[in-house]
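Visitor: I'd like a close look at one part of this structure, the charged side-chain contacts. Could you walk me through them, pair by pair?

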Amino acid sequence: MVRKVEKPKLIAFEVTRRCRYSCQHCRADAGLEQMDGELTTEECKKILASVADFCKCVIIFTGGEPMERDDIYELIRYCRELKLRPVLATCGYPINYDSITKLKDAGILALSFSLDGASAETHDRFRRTPGAFNKAIAATKAARRADMRFQINTTISKININEVAAIAKLAQELGAYCFNPFILVPTGRGEKLSDQILDPVEYEALLNDLLRLKLKSQIEVRVTCGPQFARVVEQSSAEKRFGNIEGCMGGTGFGFISYKADVQTCGFLNISAGNLVENGFDFGKIWRDSDFLKEIRDLPSYTGKCKICRFLNICKGCRARAYTISGDYLGSDPVCAYEPEAGKYESDEISKKTL
Ligand code: SF4
Ligand code: SF4
């Protein structure tokens, strides 16, 4: 059975791969130089218009560092004209009170700041830039002063797993409305961090810790790219309190558009479903008709233990981690500790070897 085509509620638009940082875990392998093929203002606008024709979703401007684009305010303003809802993900260095005021005037609805450690030592090591932590903290303070809603995004690996509770506490103290941990997917520059991915046992413990944190936290706690959190919530008695927690939304409720106009399920699964410049800027056509997206939405075509898992519908496993680690995007998510049935599966063997 192929799932009904769902329109995305959220689309991340990677408007550039330029960034002054060179973080260890960067999916985009961002750097100072502009990539060949980076979209022009007019191309970005055509893409936004084609998305708006199909769905009135949230657009997450991302990068690289999206603030590196001089036309970012113009693109945000254009989103609002199209009745799209723009938000922006930043690592913080270009953000101060003045830039936030301009972002607000353009119509931005919220910001997310990346914070990968509770201390300068951890965060700056991740970001490979001394002073990055202080700049991120200063940016959150400016956001608070400007009365701008913001969340804290944290990529979790073995490097910072012991700081998760402290980062969540810091997020609350800084005035974030949400703490949003992301589970590391080793793509882009993050491939070099393959040995820092959580193993299934520590990942399962983390998911349970995050559930406890969510239950007592005064701010929202949302787990991204940890689709097994949906299973852990379902297995607990907390599910009634939170309602439906969604697992992987890549290719259904979430989509990604790359700096060169490729439509993807997400930024971590680097497979193009179609290119918007090449197809004449018709987002809906790619979203509905792409064979790759149809395959991703076809849960019974999944393999390994995910195929027989009773939680598949709500979790779906991380297709990007399956692809990066085993080469099969329909295979088992190698960090999942859940065993749907006694016995071994080929994909488990792969995960044990890799992890
Ligand atoms: S495939 Fe993995 S990285 Fe991509 S959206 Fe799904 S959970 Fe996140
Ligand atoms: S076996 Fe697959 S579908 Fe089931 S919980 Fe694990 S990752 Fe999710």
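Guide: Happy to. Glu202 and Lys158 are joined side chain to side chain by a salt bridge, with N and O 2.3 Å apart; keep in mind that the model is predicted. This contact ties together distant parts of the chain, the two residues being 44 apart. Glu202 belongs to helix H7 (residues 200–216), while Lys158 lies in the loop between strand S5 (150–156) and helix H6 (164–174). As for solvent, Glu202 has a relative accessible area of 22%, so it counts as partly exposed. Lys158 is partly exposed as well, at 32%.

Staying with helix H7, you will find another pair there: Arg212 and Asp209 form a salt bridge whose closest N and O atoms are 2.7 Å apart. These residues sit 3 positions apart in helix H7, so about one helical turn separates them. Asp209 is partly exposed, with a relative accessible area of 41%.

Now turn to Lys260 and Asp262, whose side chains meet in a salt bridge with an N to O distance of 3.9 Å. The cut-off for a salt bridge is within 4 Å, so this pair still qualifies. Here the two partners fall into separate classes: Lys260 is partly exposed at 39% relative accessibility, whereas Asp262 is buried at 13%. Elsewhere, Glu6, Lys9 and Glu246 are connected into one network through salt bridges with shared partners.

To put these pairs in context, searching the whole structure turns up 16 salt bridges.

Conventions:
Residues are numbered from 1 along each chain as its sequence is written. Chains are lettered from A and ligands numbered from 1 in the order in which they are written. This is a predicted model: local features need pLDDT of at least 70, side-chain atom pairs count only at pLDDT 80 or more; totals for chains, interfaces and linings use all residues. Side-chain values use heavy atoms; hydrogens and water are left out. Helices (H or I, at least four residues) and strands (E, at least two) are DSSP runs, numbered from the N terminus. Buried means under 20% relative accessible area, exposed over 50%, partly exposed in between (1.4 Å probe, protein chains only).
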